[in-house]
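Trainee: I'd like to learn how to read helix packing and empty space in a protein model. Could we go through one together?

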Amino acid sequence: MALSEEPAAGAAEDPAEDPVEDAAEDAALACGAALESFGESAETRELLGRLPLVLADRSAREGALERFRVIMDKYQEQPHLLDPHLEWMLNLLLEFVQNKASPADLVHLAFKFLYIISKVRGYKTFLRLFPHEVADVHPVLDMFTNQNPKDHETWETRYMLLLWLSVTCLIPFDFSRLDGNLLSQPGQERVSTMDRILQVAESYLVVSDKARDAAAVLVSKFVTRPDVKQKKMASFLDWSLCTLARSSFQTIEGVIAMDGTLQALAQIFKHGKREDCLPYAATVLQCLDSCRLPDSNQTLLRKLGVKLVQRLGLTFLKPRVAGWRYQRGCRSLAESLQHSIQNPKEPMTQAETPDSDGEDDVPAEVESVIEQLLVGLKDKDTIVRWSAAKGIGRMAGRLPKELADDVTGSVLDCFSFQETDSAWHGGCLALAELGRRGLLLPSRLSDVVPVILKALTYEEKRGACSVGSNVRDAACYVCWAFARAYEPQELKPFVAAISSALVIATVFDRDVNCRRAASAAFQENVGRQGTFPHGIDILTTADYFAVGNRSNCFLVISMFIAGFPEYTQPMIEHLVTMKINHWDGTIRELSAKALRNLAQRAPEHTACEVFPRLLSMTQSPDLHTRHGAVLACAEVARSLHTLATQQGRPVSDFLDEKAMRGLKQIHQQLYDRQLYRGLGGELMRQAVCILIENLALSKMPFRGDAVIDGWQWLINDTLRNLHLISSHSRQHIKEAAVSALAALCSEYHAREPGEAEAAAQEELVRLYLAELQSPEEMTRCGCALALGALPAFFLKGRLQQVLAGLRAVTHISSKDVSFAEARRDALKAISRVREAAMTSLMDLTLLLGRNQPELIEAPLCQRLMCCLAQQASEKIDRFRAHAARVFLALLHADSPAIPHVPARPELERLFPRATVASVNWGAPSQAFPCMARLLGLPAYRYHVLLGLAVSVGGLTESTVRYSTQGLFEHMKEIQNDPAALEDFGGTLLQVFEDNLLNDRVSVPLLKTLDQMLANGCFDVFTTQEDHPFCVKLLALCKEEIKKSKDVQKLRSSIAVFCGLVQFPGDVRKKALLQLFLLLCHPFPVIRKHTASQVYEMVLTYDVVPAAVLDEVMAVLSSTAWDAELPVVRAQRNHLCDLLGVPRPQLVPKLAIR
């Protein structure tokens, strides 16, 4: 806390302030904190005791200082825990300070520690423990003689000395008694103690460090002493005013001087007696006016100016408790309960006995003070407005009732839409201050509450953003303060409006701090007033943490609160009026979705009142209003259709013919006004695409209508011209158009369920396939995704044609080598086609099983089930889950059962119907252990192993982990069955051979083989020299990497070759030969990786004779394998000799004649 901060509520000069509330809040904070005591007491005592020892070592000194700072910072929020330990810490440090033998560096270090303590605990509490006897005045003053105000390394010393001097100034003896005989030598007069202190204070008021703040505290304590004020107050005030007059806030030196002087004056008029300060108040006010501080760009100077002005105003007015103020009993809950028990029949609302009703004349200067405070309420910085608001509250507490009411009226003038957001914010702070102090009488609530309700939704657009969050936050503070200030019967007429406004701010405000402030204000009103409808139920749902997530507020919490009819219509009205046209597109989208939810709560009101307004707003000239209205129409129409379906009613019960006609006309009206062009057109295209999707999903009766052609034109035009759309909007518009196309084709281009209109199918497929060859990459992207989004029935008879077109897009050529996004979206489309193909296969197979099962031949069924099992074992979660669901649907089909399913009894045992229903096939942890069981069935082993190999050798951590776990579990089961292991090995080699040079399979398969060899899955084969499995695996690996420059593939093969070394016979020598060949590979990274892997292999497998082991390892570890090839080749040949492997021979290149 800065030294110039305002005092806590309840300062002596303002009896209207009550400290009970603040004390209760502090106690609550303390109880809710985590720490219970100062746990580092012993460490701190040792740390402070070792200061003389660490003084000489700069590193140790800084380490001790930093450690002490870390310890103290833990107690920033619970500084009271330090109180029992402050005295001994202070005494330890002051021993170093007061010891005349202590070196200067030790004294400065001790003061650094003292400053850290005062920063955490607060100087007001800590200073009470400093020695402040008469004997301490001169020693402290003498310490200033050795201080250099320009030494920025020791400012803590000067800061703490000034504070220490300020507390010694409180001794109850006249300072003149400390001077003794001032004539120390004939003709030479010594400076008095009083003058010395004043000189020190004045000199440090104009320094640039924190000592300036402490000097202001010293001045306030010193100048207001009874003996000093008579002799020095006038001269000091004269010096202060002269300093202000000759200083300019346009220079750094002037700002520093004015800052210190203003702090000192504010402190003097705060702590001094009124009768002592009153003679000078008018002069100081006049000088302050001439400084023109409101024109300064220095926030701190303007704040200090406001602070000083309000202190001067309080000096002009006599301290009194306003007899007319409203007081709501006790602020403490415990005292309120005790009061009600002792005096059950006494009403809580009391009026204090007037103490000389405000008939005294109010000085003319008060008007100037109030005017300056009202100007301060409109300042551009919050701290200035906050200080002005507190000044308004303090001043009003000393004014007569009529004048205080005039002040309230002036504050209400801040709430004009011609005023800035700063004025609104300052006005809210002032109203809260007046209400908290009981100075805003209930008769004024009818004027104040409507203003606060407007402030709760205040937002003013500024360019690409808006201002007003601070106003809304302050309005929540006003509601919080009013809950504590007034009896329930006073606020009862306004409960409905306030509760609805706070609920709306809690769930629909854009800023999280405003939502949390509104939630806190609502909670305070529920607890203090007890009149808010359904308050407890709402609070348990919309608590501090729940309202932190904006989407959760808009879509979940709002739906719950709207279940209470008191809030439903106000929430809907707010969304339509304030949020649908919001400047933030995310808010507009969330508001449209929230309206969809709330329409379920009030369907009649939404259909009759809200929907027509939304339709009219779609033609608004304002882009944001138009965009939000189209989104809202889409969501509300979908919601009303869903509700009608649930209730078994036609949608026309909610949406009449006029509404239907309005929905159909949206696109044509936008088209006619050319609103699909330009940047605004991007938003409208996205919104209308969402409208098309929702209307199609709602099955609106528009089949055969001309609007369908218009919608189709919009989708096609958007996908063809994606390259003309700004990059930040392109992805969202593309996704909206593709989703709209899928819904439109499913609903309006189907002749009957499951059958496409031939003309539409022909036209769309031809159009999108042609655009796949467009010279614009974005056009290719949009049309590729469009083909992938077409319904399954749209691909009947066109599947191969569509796949061929998409495959062509994925090929890289010199013309489109940079079209990476087009290739990505084509692959996405192919994957969607693959998913649609699996669905179509399932539907077709089930249909044949019901009607013509004889057409399902055994080879065809086996191929179908095996391919599905492979897909259910691969790495992409979405397709794995879909394939597993199709596989199980065909397996468990029983009306009738699908014929010729391979190993049906074993499958039904492995996948019982009751168990697999709860499996999440998209989760690797659940899917792979289940699918790995199929490795035990010969009919499925090849395809499942093919899928698992891709997963085990993949990149995703969870996929690799659980697929590996499932594979190893199966290998563990067959370790003791040589025949099963031989069959498994043969299948694995067959997978490798069939996918040789197919990098999508071969590279992850090499990684899979590496893991299996490293984990001993084929240890049984080590008992036989040149086992056929090992021989063939080595040959396949050699073939796979022949002439390869793929670093990833080479690295994977190196690991497999190292694993093959464990098998005896010629296989070992041939594997070592391959590794030694790779030690001289043209790529240095491959040479280094090979050497590292061979080194690990030598340590892992006992394949190197003990006599040469050390030398082999030395060569591998000491050789720079990324050096020139001749050097590396010599070391490689040396390794060959040591291990008895023939040296590889260079094959000379034949000269071409």
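Trainee: Is the crossing of α45 and α47 left-handed or right-handed?

Mentor: The crossing of α45 and α47 is right-handed. A crossing is called left-handed if the near helix is turned anticlockwise from the far one by less than a right angle, and right-handed if clockwise. The element names come from DSSP runs numbered from the N terminus, with helices being H or I runs of at least four residues and strands E runs of at least two. Please keep in mind that this is a predicted model, in which local features need pLDDT of at least 70 and side-chain atom pairs count only at pLDDT 80 or more, while totals for chains, interfaces and linings use all residues. Residues are numbered from 1 along each chain as its sequence is written, and side-chain values use heavy atoms, with hydrogens and water left out.

Trainee: At what angle do helix α45 and helix α47 pack, and how far apart are their axes?

Mentor: Two packed helices are described by the angle between their axes and the distance between the axes. Here α45 (residues 924–931) packs on α47 (residues 957–973) at about 30 degrees, and their axes are 8 Å apart. The axes are lines fitted to C-alpha atoms, for helices over the stretch in contact, and angles run from 0 to 180 degrees between N-to-C directions. With that angle, α45 is roughly parallel to α47. The scale counts angles under 35 degrees as roughly parallel, over 145 as roughly antiparallel, 65 to 115 as roughly perpendicular and the rest as oblique.

Trainee: Which residues in α45 and α47 meet?

Mentor: Pro924, Ser925 and Phe928 of α45 meet Ser958, Thr959, Tyr962 and Ser963 of α47, where contact means heavy atoms within 4.5 Å. Sorted by type, this contact has three nonpolar residues, four polar and no charged. Ala, Val, Leu, Ile, Met, Phe, Trp, Tyr, Cys and Pro count as nonpolar, Asp, Glu, Lys and Arg as charged, and the others, Gly among them, as polar.

Trainee: Let me try the next pair. At what angle do the axes of α33 and α35 cross?

Mentor: The axes of α33 (residues 657–672) and α35 (residues 706–720) cross at roughly 55 degrees and come within 10 Å. That makes the two helices, α33 and α35, oblique. Their crossing is left-handed. On the α33 side, Lys664, His667 and Tyr671 take part, meeting Val707, Gly710, Trp711, Trp713 and Leu714 of α35. Five of the residues in this contact are nonpolar, two polar and one charged.

Trainee: And how do α18 and α19 cross?

Mentor: Helix α18 (residues 365–376) and helix α19 (residues 382–396) cross at roughly 145 degrees, and their axes come within 8 Å. The crossing is left-handed. Residues that meet include Val369 and Leu373 in α18 and Ala388 and Ile392 in α19. The contact of α18 with α19 holds nine nonpolar residues, two polar and one charged.

Trainee: Now for the empty space: how many cavities of 30 Å³ or more are there?

Mentor: Rolling a probe the size of a water molecule over the atoms shows where empty space is left. A search of the whole structure finds seven cavities of 30 Å³ or more. On a 1 Å grid over the protein atoms alone, a cavity is a set of points where a 1.4 Å probe fits but cannot get out, a pocket is an open set with protein on both sides within 12 Å along at least five of seven lines, and lining residues have an atom within 4 Å of a point. Grid points are joined across faces, edges and corners, and a volume is the space filled by probe spheres set on the points. The largest cavity holds about 90 Å³ and is lined by 14 residues, with Thr457, Arg472, Asp509, His574 and Lys579 nearest its centre.
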